[in-house]
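Let's go through this model the way a sceptic would, asking for the rule behind each label. Here it is.

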Amino acid sequence: MLKAAYLGPRGTFSEEACRAFCRVTGLILAPSPCASITACAVSVAEGNARFAIVPLENSLEGSVRDTLDLLTTSSRLKILAELDLEIEHHLLTHAAALTEIQTVYSHPQALAQCRAFLHQQLAHAQVIPVVSTAEAACLAADLGSQAAAIAGQQAASCYSLPILYAAVQDTTSITRFIILGREDENFGQPQKTSLLFAVNNTPGDLYRVLRAFANQQVNLTRIESRPARSRLGDYIFFVDLDGTPQDKAVKAALDEASQETVMLKILGSFPVLTVSDK
């Protein structure tokens, strides 16, 4: 059976996104947990998995830096699709009351999304970031009533942890996941394109790149930067836009923008998959 790599262990929101991807596409895939986002990508690049499902950004806390860095360095993978997943965090623990809890474990993004609850209800507890919400649940299950995890319903079920408080996030959030692969796949009509580029650190360079898209009336839906990891002040810019390079306006904008960059890389043109209820 073909494998789909996701950030493990069992019970993460990435696993939930993986299963949603299977439902939407009708593919029969074996979910394959990996220890890191990079390991997910390596599994696909080396042919051990067909796809990798990784988080890209959250509506509350922004982008996942490991995924952005992966997109910068990977030359063999492309974005094949994206899907949005509504995220609901719960406080999982064997404790009967909040006063019993001495440590709270979760992924840094999840902890940030539940900042208000932690401050108001668990200020006495030590907050410890771990690599995933599922690992947090696994730890809390092993450590007994003095420990708790912030994680989802899937993790509660996987690790037999009661939900002491439900929906402890500051507000409802959406996490955007992307599906990475080596070969083109037909998951529907491409709607968006993701790319990255770099410019010389001289006046007007970034403006001229962005002007190319404005001149062609191409809508940019996201732009952000990450350090290029070369010299201080050098950045990689990530852009999402409506349309594909097959569209006349997008092609013209890309041709114009490429004249103003030192590097421009198309990460993929892809459909946005709609996740139905379970």
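Q: What is the mean pLDDT of the protein chain, and how many of its residues reach 70 or more?
A: The mean is 92, and 98% of the residues reach 70 or more. pLDDT is the predictor's confidence in each residue, from 0 to 100. This is a predicted model, where local features need pLDDT of at least 70 and side-chain atom pairs count only at pLDDT 80 or more, while totals for chains, interfaces and linings use all residues. Residues are numbered from 1 along each chain as its sequence is written, and side-chain values use heavy atoms, with hydrogens and water left out.

Q: Which elements of the protein chain have the lowest and the highest mean pLDDT?
A: Strand 4 (residues 62-63) has the lowest, 86, and strand 6 (residues 90-93) the highest, 98. Why care? Where pLDDT is low, the predicted coordinates should not be read in detail.

Q: What makes a stretch a helix or a strand here, and how many are there in the protein chain?
A: Both are DSSP runs numbered from the N terminus: H or I with at least four residues for a helix, E with at least two for a strand. On that count the protein chain has nine helices and 16 strands.

Q: How do you know what radius of gyration a compact globule with 278 residues would have?
A: The rule is 2.2 Å times the number of residues to the power 0.38, with the radius taken over C-alpha atoms. That puts a compact globule near 19 Å, and the protein chain has 20 Å, so the two agree. Along its principal axes, the C-alpha trace spans about 60 × 45 × 30 Å.

Q: What share of the 278 residues is buried?
A: Buried residues make up 49%. The label means under 20% relative accessible area, with exposed over 50% and partly exposed in between (1.4 Å probe, protein chains only).

Q: Why is the pair of Phe21 and Phe187 called edge-to-face?
A: First, the general tally: the structure holds five aromatic pairs. In this one, Phe21 and Phe187 sit 5.4 Å centre to centre with 85° between the planes. Rings of Phe, Tyr and Trp (its six-membered ring) pair if their centres lie within 6.5 Å, and planes under 30 degrees apart count as stacked, over 60 as edge-to-face and the rest as tilted. The distance passes and the angle is over 60, so edge-to-face it is.

Q: What does the pair of Phe21 and Phe187 tie together?
A: Phe21 lies in helix 1 (residues 13-25) and Phe187 in the loop between strand 11 (173-181) and strand 12 (192-198), so the pair ties together parts that are 166 residues apart in sequence. Phe21 is buried at 0% relative accessibility, and Phe187 is buried at 15%. Ring pairs also link Phe21, Phe51 and Phe187 into a cluster.

Q: Why is the pair of Phe117 and Tyr165 called tilted?
A: The centres are 5.7 Å apart and the planes 55°, so the angle falls between the stacked and edge-to-face limits. Phe117 belongs to helix 5 (residues 115-121) and Tyr165 to strand 10 (residues 163-165), so this pair ties together parts 48 residues apart in sequence.

Q: Buried or partly exposed: which label fits Phe117, and which fits Tyr165?
A: Phe117, at 12%, counts as buried, whereas Tyr165, at 36%, is partly exposed.

Q: How do you know what span helix 1 should have?
A: The expected span is 1.5 Å times one less than the number of residues. For the 13 residues of helix 1 that comes to 18 Å, and the end C-alpha atoms are 18 Å apart, which agrees. Gly26 follows helix 1, with a positive phi near 80°.

Q: Which residues does Thr67 touch, not counting those up to four places away in sequence?
A: Thr67 touches Ile37, Val54, Pro55, Leu56 and Ile178, where contact means heavy atoms within 4.5 Å. Thr67 is found in helix 3 (residues 65-73) and is buried, with a relative accessible area of 0%.

Q: Why is Leu206 called partly exposed?
A: Leu206 has 30% relative accessibility, so it lands between the buried and exposed limits. Leu206 lies in helix 8 (residues 205-215) and, leaving aside neighbours within four places in sequence, is in contact with Phe197, Val199 and Phe237.
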